[in-house]
Number of protein chains: 4
Amino acid sequence: MVVVMSPDATDEDVAHVVERVEGVGGEAFVSKGVVRTIIGLVGDIESFHHLNLRTLRGVADVHRISDPYKLVSRQHHSERSTVWVGPPGGQVPVGPDAFTFIAGPCAVETADQTFEAARMAQSAGATILRGGAFKPRTSPYAFQGLGVAGLEILAGVREATGMPVVTEIVDARDVDVVAEHADMLQIGTRNMANFGLLQAVGGCGKPVLLKRGMTATIEEWLMAAEYIAQRGNLDVVLCERGIRTFEPATRNTLDISAIPVVQATSHLPIIVDPSHAAGRKDLVVPLSRAAIAVGADGVIVDVHPDPETALCDGPQALLGSDLRALAQAVRRLPGAVGRVGAGDLATGRRSGS
Amino acid sequence: MVVVMSPDATDEDVAHVVERVEGVGGEAFVSKGVVRTIIGLVGDIESFHHLNLRTLRGVADVHRISDPYKLVSRQHHSERSTVWVGPPGGQVPVGPDAFTFIAGPCAVETADQTFEAARMAQSAGATILRGGAFKPRTSPYAFQGLGVAGLEILAGVREATGMPVVTEIVDARDVDVVAEHADMLQIGTRNMANFGLLQAVGGCGKPVLLKRGMTATIEEWLMAAEYIAQRGNLDVVLCERGIRTFEPATRNTLDISAIPVVQATSHLPIIVDPSHAAGRKDLVVPLSRAAIAVGADGVIVDVHPDPETALCDGPQALLGSDLRALAQAVRRLPGAVGRVGAGDLATGRRSGS
Amino acid sequence: MVVVMSPDATDEDVAHVVERVEGVGGEAFVSKGVVRTIIGLVGDIESFHHLNLRTLRGVADVHRISDPYKLVSRQHHSERSTVWVGPPGGQVPVGPDAFTFIAGPCAVETADQTFEAARMAQSAGATILRGGAFKPRTSPYAFQGLGVAGLEILAGVREATGMPVVTEIVDARDVDVVAEHADMLQIGTRNMANFGLLQAVGGCGKPVLLKRGMTATIEEWLMAAEYIAQRGNLDVVLCERGIRTFEPATRNTLDISAIPVVQATSHLPIIVDPSHAAGRKDLVVPLSRAAIAVGADGVIVDVHPDPETALCDGPQALLGSDLRALAQAVRRLPGAVGRVGAGDLATGRRSGS
Amino acid sequence: MVVVMSPDATDEDVAHVVERVEGVGGEAFVSKGVVRTIIGLVGDIESFHHLNLRTLRGVADVHRISDPYKLVSRQHHSERSTVWVGPPGGQVPVGPDAFTFIAGPCAVETADQTFEAARMAQSAGATILRGGAFKPRTSPYAFQGLGVAGLEILAGVREATGMPVVTEIVDARDVDVVAEHADMLQIGTRNMANFGLLQAVGGCGKPVLLKRGMTATIEEWLMAAEYIAQRGNLDVVLCERGIRTFEPATRNTLDISAIPVVQATSHLPIIVDPSHAAGRKDLVVPLSRAAIAVGADGVIVDVHPDPETALCDGPQALLGSDLRALAQAVRRLPGAVGRVGAGDLATGRRSGS
């Protein structure tokens, strides 16, 4: 931490800062410049936060230097992690040694529609099924999902296809029922900073897919992952799904740079959701290709057997030739950038654990 | 709703859109242009949403025309509302015929600190006390608030000062205990799109202070208010607290234009939080002046008897000469822009209701 | 300047940074932390920039501490400046001891329209006339202004009304002709980073109105002012006119906080353009009130005798009751916030200089 | 164009809109809804703009439907264009049938440094040399480029290497001298809306590389290209270089979605600049891979023989193993996504034209 004094700070002001830092067991290194003095702090950063250094007389600014997250940081855990999703004997890896393709309908509407979408997904090479039973919607008048009935449909389709299931959770009170039916719990973009929910999934015993808040910085996103990790759950997969910018041509702007940035600072796996980022079907395939090429650990996309009748986000669901193009990209492109492809996932399964 | 066809759409494509619209009981008016055809839809907008018009062949774009919110709209409720906060006999109005000054500590730390801050606030003219018992913090390692013990402190200070209390709620499971101790429940910026929480406070029987999501559009904010209203609670006060932009000089950018924009479209009262918008003490007084001048129905600010030791947001808490300058602005400026000032609030209290 | 080393930096890496800093005559103070080392630099910041410290092995980050602008900074010029606009004997001040009201048509269309708009402006209390002869337009198919013919109309209206004229310049090749006809040259939002144009007006001998780039940070804006000042022209008035954000309800978001932020760091006067920020007529009066209350040194607004036929930005031009409301605010509100009002400007004119 | 009337608009208000539209030769189709009336306009959109429909009584909103650009649109020119850069006999294509690799130093500093950087670039597979002689810098105290001396160095290196040269132009007065020395003129991000400069390069007879304004929407960017095209120059290559967002981890956010979005609406080629988008050397290779995979027509990157001594943007310049990784990606990845690679460019050269 570095404290920058204002040009008119007095020697007493500087001494007061030093005294307070030393009072909580820290060390303070003073560098007197021609115009300004800066003070470098060494010690426990949490104790410095309580000093409210910005309120002290003569202090112009305080810069934090080190990362505020610990458990999800690569600093003390340099190897990138793999998260295994699914029941013993049928686990699918998400991490640096695989490329994982997750697909399914935005919302579970009926057993038939979900089963049909799962079959489409599986034929295209997907190994994890996505599907929403609880839907957070901007309008109270929009379809909010089937709830527990939707979870039961998903569990049935998992039984039939062998695909592990990831589904969204929107309320801390639903953790038990969702964890019972699903293999992975998804925190959606609107709940990334819902700290009670983060803590609840931190104790659920299942892996978590943590979507980036559409207006969260990468640091805030990693802090949200830290909330989950702090409750003992390190099986967190991050999902970049676009950020809010001034550009209206896409629903959000896919922050493709976030993938290498996260991989440089955190050991957690990171995947990309091109469907929700763009909100446009015609961009899903090119953005999936970009995600693979930039080094993402997987993609998650919407498929629907009949987008015209979908109750949620129909305009972005893939089918037909688009889905075939995506299947081909997922099969071939990871190898072209030096990564094990989705086609090799079967052999990548961890036996019996 | 207006459907814009792409230049290469065929007559069949147009006919298919018309047919689907009429299939749900709507009317479709076709305007054939030189390059494009547009179709104006008349009828129940919710039924049109289910048609997924964007997925139909030949459709280039769909524009929504009317507002998506109903209960909070000024369209069928042209008079601006007043929300009354506090117990019978001690209610304070927030609305067009008053200017309400809310102040208190960011976080409740001790009974003494809270009582001291309340006295400072009251001396400066504040009529509602703010104070946080449950604190949503970006870092799991930061002070998270005293919880129920904090609520009890607030209730005690209310007893001593006669000031109604507003406090934040962060978890739907806490609605009963918070509603029991406080006079108004605050939804913070990070929870504006926590729809379960919005629905929970919709049934709590107390007024709600709904802060704008720091990256929410005004329309999304009003949709969040609609969630609360839909559960039967129309006593919602909106609070503009800054939006996230590229400008680093302030923590967020206070969207001062949002006040007249909201007042033109919704009947709900709207106040301003300059402390959290700026994150800088030196901007609180000028921004409060701007809020009064633009026509806001109130301000809510942080005060703390000793910012240097505050456990939360110390750098933005007011005291001393700044607080006196704010008190003076709140006393004089509302009248200068044609509004009843905080000084007249006592006589504005609704008796016995 | 502070150099932050990465956790795995070696002692040699640190020594290399120190050596390079000392090689250009600077001093380097090393603070060794538990996890990281930080190095505080003291000396000539420009010479440090050439070191490319970020490229050195072991360097994680470099923080600049002091402001990058000098001539426009308040650091060595603590008193706020007043800029005088107009010919000797008829100068109008813009600065801390006045509140200046600038108004006129967005674009000069005809002599009649300009004269009529000037009369409206003057009746409402405006003391400087605005009007565009060269219009930068997003579309090459839109009206681009009358050019020199427009400048001549403005000069004629100035003659008739006695109001000094401010008009936009968009091309460095036009500096002489614009400076000949106008009393103040405006740099528009799209040209704030057109460095050649900034340098050209730096030598023109007339005051400059520098609008903020709609996506410029305050620091970049002050750097643009520094470009003008560096060529010897310190008569620069800044104009906040809204920044680009995600909020679609207004054309841009007026950054009202920018006024006190600028006034704390620069001695230059700063005014507000509510017409272009909002792009909506109904917000001009409330935003002008907010500008006065926050402490701006003036406002600049569009007026047009017949907005329905305006060739540019008709929807935001004031007339009738709106203009009367604005006139009243400009007359009364500056006094209510402790400032000399527009009504006192006549006596504020500097005689004969 | 669609005009949306407000709920309280009268029949007279609607009739007045219709009358004005018909007055300029347009047709107006009225759709009366339960709450609102909408009016679809058919005819010449430019003539409608002059009507200032938004200012008419009863008008709530006006939606533009068709694209505002014509010459650069794919609507009447469905085949994607190829732009040829370089002198007859040595032309390099940029377009759908090639993948073009452009590299060189950010700034031309000396003949040796430029020649050395060009050799590095060429060894890595680059076929066009970039290098800045005129540098637009945020600070007036930063290195501004060598000017004409820099152009002469570039011309010399072109002679020696056979690589066509692209260089930035910042002032309309320099068009002739730059066009004389360079094969392609670059408009930088800060000048994208410098309409005088756009018009000047529209008449220069050389291809133009038009960078996206860091805060420009895609539509504004295409309008800027339209300015150039309107002056008769259709040899425009677009360059996505990152947009300004709230994310601080990268200098700007590379808008990777912009590539397929532009390709769907405009026939112009589009390339990507990962160096300036990220501002970080470690992201250049992954972002280049993403650019290739998403379907970009080329990349432009900074290389420097000694980044530690670079006078401009040293931290983002490639060398050594990074440059080899980029060379490999450029050689192999275009083929993997179904595109002709850089390695085949030689045979792609247009003979004798």
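**Exercise 1. Strand pairing in the sheet of chain A**

In which sense do S2(A) and strand S3 (residues 37-42) of chain A pair, and over how many bridges? Place the pair within its sheet and identify the strands at the edges.

*Solution.* The model is a predicted one.

Step 1. S2(A) and S3(A) run antiparallel to one another and are joined by six bridges. One position on S2(A) illustrates the register: A:Ala28 has A:Leu41 of S3(A) as its bridge partner.

Step 2. The pair belongs to an open sheet of four strands in chain A, ordered S2-S3-S1-S4 and paired antiparallel. Strand S2 (27-32) and strand S4 (59-63) of chain A each have a single partner strand and stand at the edges, so one side of each has no neighbour in the sheet. From one strand to the next, the twist averages 20 degrees.

Step 3. Helix H1 (residues 11-23) of chain A lies across S2, S3 and S4 as well as strand S1 (2-5). The angle between this helix and S2(A) is about 160 degrees.

**Exercise 2. Domains of chain A**

Determine how chain A is divided and how far apart the centres of its domains lie.

*Solution.* Step 1. Chain A consists of domain 1, covering 2-63, and domain 2, covering 83-348.

Step 2. Taken over C-alpha atoms, the centres of these two domains of chain A are separated by 45 Å.

**Exercise 3. The sheet of chain B**

What is the strand order of the open sheet in chain B, and which residue stands opposite B:Met5?

*Solution.* Step 1. The four strands of this open sheet follow the order S2-S3-S1-S4, with antiparallel pairing. The edges are occupied by strand S2 (27-32) and strand S4 (59-63) of chain B; each has a single partner strand, so one side of each is left without a neighbour in the sheet. The average twist from one strand to the next is 20 degrees.

Step 2. Strand S1 (residues 2-5) of chain B pairs with S4(B) in the antiparallel sense over four bridges. Within S4(B), the residue opposite B:Met5 is B:Val59.

Step 3. H1(B) lies across S1, S2, strand S3 (37-42) and S4 of chain B and runs at about 160 degrees to S2(B).

**Exercise 4. The interface of chain B and chain A**

Characterise this interface by residues, buried area and polar interactions.

*Solution.* Step 1. Chain B contributes 42 residues to the contact, and chain A contributes 42 residues. About 3,700 Å² is buried between the two chains, with 51% of it on carbon and sulfur atoms. On the side of chain B, the residues that lose the most area to chain A are B:Pro140, B:Tyr141 and B:Glu308, which together account for 19% of what that side buries.

Step 2. Side chains of opposite charge can pair when their charged atoms come close. Two salt bridges cross the interface of chain B and chain A. B:Arg244 forms a salt bridge with A:Glu220, with the closest N and O atoms 2.5 Å apart; this separation satisfies the cut-off of 4 Å. Five residue pairs are in polar contact between chain B and chain A, both residues being at pLDDT 80 or more.

Step 3. Helix H1 (11-23), helix H6 (195-202) and helix H7 (218-230) of chain B each supply at least two residues of the side that touches chain A. H7(B) provides the largest share of that side, five residues.

**Exercise 5. The interface of chain C and chain D**

Carry out the corresponding analysis for chain C and chain D.

*Solution.* Step 1. The contact involves 42 residues of chain C and 42 residues of chain D. These chains bury about 3,700 Å² between them, of which carbon and sulfur atoms give 51%. C:Pro140, C:Tyr141 and C:Glu308 supply 19% of the area that chain C buries against chain D, more than any other three residues.

Step 2. Two salt bridges are counted between chain C and chain D. C:Arg244 forms a salt bridge with D:Glu220, where the closest N and O atoms are 2.6 Å apart. The count of residue pairs in polar contact between chain C and chain D is five, both at pLDDT 80 or more.

Step 3. Helix H1 (11-23) and helix H7 (218-230) of chain C each supply at least two residues of the side that touches chain D. H7(C) gives the most to this side, with five residues.

**Exercise 6. A salt bridge within chain B**

Why does the salt bridge between B:Lys211 and B:Asp273 tie together parts apart in sequence?

*Solution.* Step 1. Over all chains, the whole structure holds 56 salt bridges. B:Lys211 forms a salt bridge with B:Asp273, the closest N and O atoms being 2.6 Å apart.

Step 2. B:Lys211 lies in strand S11 (residues 208-211) of chain B, whereas B:Asp273 lies in the loop between strand S13 (270-272) and helix H9 (274-278) of chain B; the pair therefore ties together parts that are 62 residues apart in sequence.

Definitions and conventions:
Residues are numbered from 1 along each chain as its sequence is written. Chains are lettered from A and ligands numbered from 1 in the order in which they are written. This is a predicted model: local features need pLDDT of at least 70, side-chain atom pairs count only at pLDDT 80 or more; totals for chains, interfaces and linings use all residues. Side-chain values use heavy atoms; hydrogens and water are left out. Domain bounds come from an automatic or database domain assignment. Two strands pair if DSSP finds at least two bridges between them. Axes are lines fitted to C-alpha atoms, for helices over the stretch in contact, and angles run from 0 to 180 degrees between N-to-C directions. Contact means heavy atoms within 4.5 Å. Buried area is the accessible area (1.4 Å probe) that two parts lose on being put together, summed over both. A salt bridge is a side-chain nitrogen of Lys or Arg within 4 Å of a carboxyl oxygen of Asp or Glu. A polar contact is a pair of N or O atoms within 3.5 Å; within protein, one must be able to donate a hydrogen and the other to accept it, and residues adjacent in sequence count only if both atoms are side-chain atoms.
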